[in-house]
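Below is a short note with numbered points to read alongside the coordinates. The points can be checked one by one.

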Amino acid sequence: MSDVIAEVDVLVIGGGTAGPMAAVKAKEKNPKLKVMLLEKANVKRSGAISMGMDGLNNAVIPGHATPEQYVKEITVANDGIVNQKTVMAYAQESFNMINQLDRWGVKFEKDETGDYAVKKVHHIGTYVLPMPEGHHMKKVLYRQLKKARVEITNRYMATRLLLDENGAIAGAMVLDTREGTFGVIRAKSVVLCTGAAGRLGLPSSGYLFGTYENPTNAGDGYALAYHAGAELSGIECYQINPLIKDYNGPSCAYVTGPFGGYTANSKGERFIECDYWSGQMMMEFYKELEGGNGPVFLKMNHLAEETIGTIEHILHTNERPSRGRFHEGRHLDYRQGMVEMHISEIGLCSGHSASGVWVDEHAATTVPGLYAAGDLACVPHNYMLGAFVYGQFAGQSAADYAQSHELPAVDAAQVEVERKRVLAPLSNPDGLPPAQVEYKLRRFVNDYLQPPKVTKKMEIGLDRFAEIRADLAYMSAANPHELMRAMEVHFILDCAEMAARASLYRTESRWGLYHYRVEHPEKDDADWFCHAQLKKNDAGEMTCFKRPVDPYIVELDDEEKDAYNRLRVVKQAEAA
Amino acid sequence: MPMTMNRVSVPVTVDEDACIADKGCTVCVESCPLDLLAIDLLKKKAFMKFDECWYCLPCEKDCPTQAIRVDIPYLLR
C-alpha cells in the first residue's frame, strides 16, 4: 500500500520526557526490535522540558521517604481516588531511576557527603530534589537515544491510531508537518507519550500560546486514545496551577520554599500551610485571590542577598528561563517587591493532577498493544520522574507485546477516512483559519468550563462545542504548518468535550478547585468514592461510567486522611 | 470567504549581520518546539514566520552566532 511509510515493532509517539525513556527501554529490553520515536518537533528540544527542569518533585529516596509514605501522601493529596498499585509501582522504582539518571550525567543537588540533598515541600513527607544545573536534561536523553540506536522521526504528528479487526493496535496515521503529506506507520505496539492537554483553556492574556504547558502539547494523545476506544479517567480533575500573573512560569514554591520563600496575600501574610500543588491548595489560593486580601504573591523580599542570588540562578536558567526577562520588563526585583500571582488556564494533565488515559502498573491502557506514559497517563501527581519511570514500564511492556505479536494487516477503509479528514483543509482555500476557530473554542472553554463549575454553563458549553464541531470541516490551511494547527484544533475540541462531560457526570465536589461543582459543593463518598471513566462506546458516543477504587495496599490513618483539607493557616482568635 | 492580514509584532528578532543561514545553518529552525522559524529564501536569513511563541529560548541558546533575541510577546510584556 502506497500510504505506508514505515513498518516497525514499537512506535513511540512523542519525544519529550517519557517518550525517549520508553524508546530506550524498549530497545534495551529487546535490541532486535525496530523501535521508532515519532516527534512533532525535534527530539533535541521538544516537550515540556525543552529547557530542562529545575528539580524533582517526587523523589522517593531511602533515608528521606519510603514508598509507603509516598503512596499515602499522593492518596491524600488526590482526595482518595487513586489506584494505589500504580503509585506504588512508581515509588518503588523512583530511586533506581534517580540513580540511573545520575549515571547518565544528570546533575542533582548533593550535600557535602555526596548524598542527594532532598527538601521538604509536601504537607507530610520529604520528596523535592533540586537540579540547579537541570537545563542539560534533553542532551542527556538524546545521547541515550543515539546509543540505543532508536530510529528518530522528527516533524511528524500522529492524527489517529490504526486498529486491527479486533480493536488491537496496528499502527498510527501520521502527518508530515513540513510537507503536508499523509502516511501510515504500521506497528505491533504503540506507546503514547504526547504530554498534557495544555492548549485547552485560554490564558487570560489572550495570547493563544502563552500556556503553562508547552503549547505543542494540544491533547493529541487524549484524543488518539479516545478514538481508539481506550478508557480515560479523572478528566474532571483538571490541571489548574498557581502561576506568575501574565507570565506562564510556575510561581515555584518548590524552588523558593526550601530557601524560605512562600505564597502570601497582599499583606505579605502566609495563608496556606503547604505550597505543594493540590486542588485543595488551589481552592485556598482562589479564595484568597478573590477575597479582600487578594491578589496573591510569591514573597522572597525578606530573604538574604545570597539566597535571592541562588534562587535567581535556578529560576532564570532552567525550565522557563525567560522569566528573568519578564520581571525586568515589569521592573520587579525579588529583593524589593513581591511577585504577583494568578491562576492558570485549565488543562488536562496527570503529571500535575489526575486527568489522563487509564493505565495499569505496567503502563498498559485498555486497548491491546497500546501503552501510555508521562503527563497524559493517569498516574496522579507523577511529574517528570514519574514520566521517566512509566516511560520505562511502557517501553518494556510494549517490547514484550511486540515480541509475541505479528504485524496486523492495514484496514484500507480506516486509512481512507482519515486521509480525507487530515487533508481536507488544504483543499479549502476560502475556509476558516484554524487560529480563529481555536481562539473561539478556547474562549468558550474559559467561559463555560472553568471552575467554579456550574451545570447550566457546562451544558451551554457543550452546545457551543457542537457548533464548532460542525465548523471543523470548513477549516482552511494555507501551508503544512497551518494544517498541523488545524488538526490540533480537532484534538482540543475533543478534550473540551471530554472535560465538560466528565465534569457533568461527577455530581459532587472533590479535589478542591479542580472539581468544584457549585450545586454539589460537598464531597459525597457514598456515591462518588470511585474513578469516573470516559470512553467512546460502540455507537461512537462519548460515555461516562464508574470504576471502583481498588482496595488500598497502604492504609491511611484518620489523621492523615484529612491532612490536605486543613491547608489554611489557622489564626488564633484575639482576646476580646 | 474574504480575508485580511493583521499585522503583529513578533517576539523573536534575528540580527541579520550575525545570522549565518546563508552558509547553510538551520539550527534555530530545527530547535523550535513549535516550528515557528524559517529561512527567508531571498535574504537567506532566519526569521519568525508564525507568531505562536512559548518564549522558551532554545532558538536563542542554540544559535551558534548569538544572532537571536527572544522577547516576551507584547500582549504579556
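1. A residue is taken as buried if 20 or more other C-beta atoms lie within 10 Å of its own, with C-beta atoms placed from the backbone. By that criterion, buried residues make up 39% of the 77 residues in chain B. The structure is a predicted model, so statements about burial refer to computed coordinates.

2. On confidence, the model has an ipTM of 0.97 and a pTM of 0.96. For chain B the mean pLDDT is 95, and 100% of the residues in that chain reach 70 or more.

3. Chain B contains two helices and four strands. Along the sequence these elements are arranged as β-α-β-β-α-β. The C-alpha atoms of chain B occupy a box of roughly 40 × 30 × 20 Å along the principal axes. Among contacts in chain B with a separation of 6 or more, 56% are between residues 24 or more positions apart.

4. How many residues does each chain bring to the contact between chain A and chain B? Chain B supplies 20 residues and chain A supplies 28 residues. On the side of chain B that touches chain A, 15 residues are nonpolar, one is polar and four are charged.

5. In chain A, strand 1 (residues 4-13) runs parallel to strand 8 (residues 181-192), and eight bridges join them. One position to inspect is A:Ala6, which stands opposite A:Ile185 in strand 8 of chain A. Strand 1 of chain A also pairs with strand 2 (residues 35-38) of chain A, again in the parallel sense, over four bridges. There A:Ile13 stands opposite A:Leu38.

6. Chain A also has an open sheet of four strands in the order 10-13-12-11, with antiparallel pairing. Which strands stand at the edges? They are strand 10 (242-244) and strand 11 (262-264) of chain A; each has a single partner strand, so one side of each is left without a neighbour in the sheet. The twist from one strand to the next averages 40 degrees.

7. The partner of strand 11 of chain A is strand 12 (residues 296-299) of chain A, and the two run antiparallel, joined by three bridges. Within this pair, A:Tyr262 has A:Lys299 as its bridge partner.

8. Is helix 5 (residues 220-227) of chain A mostly covered or mostly uncovered? Helix 5 of chain A is mostly covered, with seven of its eight residues buried. These are A:Asp220, A:Gly221, A:Tyr222, A:Ala223, A:Leu224, A:Ala225 and A:Tyr226. After helix 5 of chain A comes A:Gly229, which has a positive phi near 90 degrees.

9. The largest nonpolar core has 212 residues. Those touching the most other members are A:Val12, A:Val191, A:Val357, A:Ala372 and A:Ala373. Helix 14 (residues 480-505) of chain A gives the largest share of this core, 14 residues.

10. Leaving aside residues up to four places away in sequence, the residues that A:Ala372 touches include A:Val191, A:Leu192, A:Val357 and A:Val359. A:Gly221 and A:Ala225 are also touched by A:Ala372, and both are among the buried residues of helix 5 of chain A. Other contacts of A:Ala372 are A:Ala363, A:Thr365, A:Ala377 and A:Ala394.

Definitions and conventions: Residues are numbered from 1 along each chain as its sequence is written. Chains are lettered from A and ligands numbered from 1 in the order in which they are written. This is a predicted model: local features need pLDDT of at least 70, side-chain atom pairs count only at pLDDT 80 or more; totals for chains, interfaces and linings use all residues. Two residues are in contact if their C-beta atoms, placed from the backbone, lie within 7 Å. Ala, Val, Leu, Ile, Met, Phe, Trp, Tyr, Cys and Pro count as nonpolar, Asp, Glu, Lys and Arg as charged, and the others, Gly among them, as polar. Two strands pair if DSSP finds at least two bridges between them. Axes are lines fitted to C-alpha atoms, for helices over the stretch in contact, and angles run from 0 to 180 degrees between N-to-C directions. A residue is buried if 20 or more other C-beta atoms lie within 10 Å of its own, exposed if 12 or fewer, and partly exposed in between; C-beta atoms are placed from the backbone. A nonpolar core is a set of buried Ala, Val, Leu, Ile, Met, Phe, Trp, Tyr and Cys residues joined through C-beta atoms within 7 Å. pLDDT is the predictor's confidence in each residue, from 0 to 100.
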